[in-house]
Amino acid sequence: MPSCSVHTSAISLCSQSLMLAKAKEEWDQEIVDKQAEKERYLSERVTPLHTSGLSLSQLQDLCRELHEKVEIVDEERYDIEAKCNHNTREIKDLKIKVLDLRGKFKRPPLRRVRVSADAMLRALLGSKHKVSMDLRANLKSVKKEDTEKERPVEVGDWRKNVEAMSGMEGRKKMFDAAKSPTGQ
């Protein structure tokens, strides 16, 4: 079997080299054909100049004729170039429009969906998710009675409160106040 694969790769390599040689041959022939076509076209369009034996005024007339022909050819070249640029711009704009149309799609209206944390983790992790998460279990429970006790009942002048709590007597009052709710 190994000899067969070596034989197959050798045939493949040989066929590739033959194809490359044939392609190079055709390319060279195409270059020669283009050059011959260019020479034929120029020989038809451009007549040889016969300037020998012409007087100065005849040479000046010939130059004027040639300048007029050059101007006409330049105008045609400019017009063709402008048309070509216009067409390339149009093609570019159409390509952009095609890309825009291809990329756009109608988005469906989104609805709000309530999903629990477990369902979300199952959707994200798939079968790997085994631990159930109860996010409310870690929250601190607050009773309404606790919040009412924490509110100061009396709103007074804060300066008097600071003066009353200053010194050792104030610290003793704070210590006694902290003891009294637990003692009851």
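This is a short walk through the salt bridges and one charged patch of the structure above. Keep in mind as you follow along that the model is predicted.

Let us begin with the overall tally. Counting side-chain nitrogens of Lys or Arg within 4 Å of a carboxyl oxygen of Asp or Glu, we arrive at seven salt bridges. A few of them are worth visiting in turn.

Our opening stop is helix H1, which covers residues 2-45. Here the side chain of lysine 24 meets that of aspartate 28 in a salt bridge, with 3.4 Å from N to O. How far apart are the two residues in helix H1? They are four residues apart, so about one helical turn separates lysine 24 from aspartate 28. As for their surroundings, lysine 24 is partly exposed, at 48% relative accessibility. Aspartate 28 is partly exposed too, and its relative accessible area is 34%.

Now move along to helix H2, made up of residues 56-103. Which residue forms a salt bridge with aspartate 74? The partner is arginine 77, and the closest N and O atoms of this pair are 3.7 Å apart. Aspartate 74 and arginine 77 sit three residues apart in the helix, so about one helical turn lies between them. The relative accessible area is 37% for aspartate 74, which makes this residue partly exposed. Arginine 77 is likewise partly exposed, with a value of 48%.

Stay with arginine 77 for a moment, since its side chain also meets that of glutamate 81 in a salt bridge, at 3.2 Å from N to O. Glutamate 81 and arginine 77 both belong to helix H2 and are four residues apart, about one turn of the helix. Glutamate 81 has a relative accessible area of 39% and is partly exposed. Elsewhere, Glu37, Arg40 and Glu44 are joined into one network by salt bridges that share partners.

Finally, let us turn to charges that take no part in such pairs. Where do Glu65, Glu68, Glu71, Glu75, Glu76 and Asp79 gather? They come together on the surface, in a patch of negative charge. Aspartate 79, one of these residues, has its place in helix H2. Patch residues need over 30% relative accessible area and no salt bridge. Aspartate 79 is partly exposed, at 43% relative accessibility, so this residue clears the 30% cut-off for a patch.

Terms used:
Residues numbered from 1 in each chain as written. Predicted model: local features only at pLDDT ≥ 70, side-chain atom pairs only at ≥ 80, totals over all residues. Heavy atoms only, no water. Buried < 20%, exposed > 50% of the residue type's maximum accessible area, 1.4 Å probe, protein only. Patch = residues over 30% accessible without salt bridge, like charges linked within 9 Å, V, L, I, M, F, W, Y side chains within 5 Å. Areas by Shrake-Rupley, 256 points an atom, 1.4 Å probe, with all protein chains shown as cover. Lys, Arg positive; Asp, Glu negative; His and termini not counted. Charge placed at Lys NZ, Arg CZ, Asp CG, Glu CD.
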